[in-house]
Amino acid sequence: MIQVAWYWRACSLIGLLGLMILITLWNGWLTPVQHVPRSIELALLLMPLLLIVRGMFYNTGKANVYAIMLSLLYASLGFWYAT
């Protein structure tokens, strides 16, 4: 059972790190026109993810719950940007 939990925690960490890389690439390099300074936008989008990743590295139970709640926020934000 512990190996299964470790596997899913590793999958969520890989997903969060991938999301952080995509946010950095998209907002820092690929977007030609920005209405908000890039540094402010990157800080606002990446700071919650950094806190969640830190909690997952230290294996706190709250970090998993917060990651699930933040995933809804980032999914709706991605839908907003796509439309």
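1. In this predicted model, the helix α1 contributes the largest share of the lining of the second largest pocket, namely five residues. Both α1 and α3 supply at least two residues each to the lining of that pocket, whose volume comes to about 200 Å³.

2. The residues that line the second largest pocket are L19, L22, I23, W26, N27, L45, Y74, L77, G78 and Y81. Sorted by class, this lining holds eight nonpolar and two polar residues, with no charged ones.

3. Turning to the largest pocket, its volume is about 260 Å³, and 15 residues line it, with S12, L16, M56, A67 and I68 lying nearest its centre. By class, 10 of the lining residues are nonpolar, four are polar and one is charged.

4. Three helices take part in lining the largest pocket, since α1, α2 (38-57) and α3 (61-82) are each listed with at least two residues there. Here too α1 gives the most, with seven residues.

5. On the surface, I21, L25, W26, W29 and L30 together make a nonpolar patch of about 610 Å². W26 is therefore worth finding in both settings, because a patch takes in residues with over 30% relative accessible area, and W26 is part of the patch while also appearing in the lining of the second largest pocket.

6. Which helix holds L25, another member of the patch? L25 lies in helix α1, which spans residues 2-30. With a relative accessible area of 40%, L25 counts as partly exposed, and because patches are made of residues with over 30% relative accessible area, this value is in keeping with its place in the patch.

Definitions and conventions: Residues numbered from 1 in each chain as written. Predicted model: local features only at pLDDT ≥ 70, side-chain atom pairs only at ≥ 80, totals over all residues. Heavy atoms only, no water. Patch = residues over 30% accessible without salt bridge, like charges linked within 9 Å, V, L, I, M, F, W, Y side chains within 5 Å. Areas by Shrake-Rupley, 256 points an atom, 1.4 Å probe, with all protein chains shown as cover. Salt bridge = Lys/Arg side-chain N within 4 Å of Asp/Glu carboxyl O. Helix = DSSP H or I, 4+ residues; strand = E, 2+ residues; numbered from the N terminus. Buried < 20%, exposed > 50% of the residue type's maximum accessible area, 1.4 Å probe, protein only. 1 Å grid on protein atoms, 1.4 Å probe; cavity = no way out; pocket = protein on both sides within 12 Å on 5 of 7 lines; lining within 4 Å. Points joined across faces, edges and corners; volume = space filled by probe spheres on them. Nonpolar A, V, L, I, M, F, W, Y, C, P; charged D, E, K, R; others polar.
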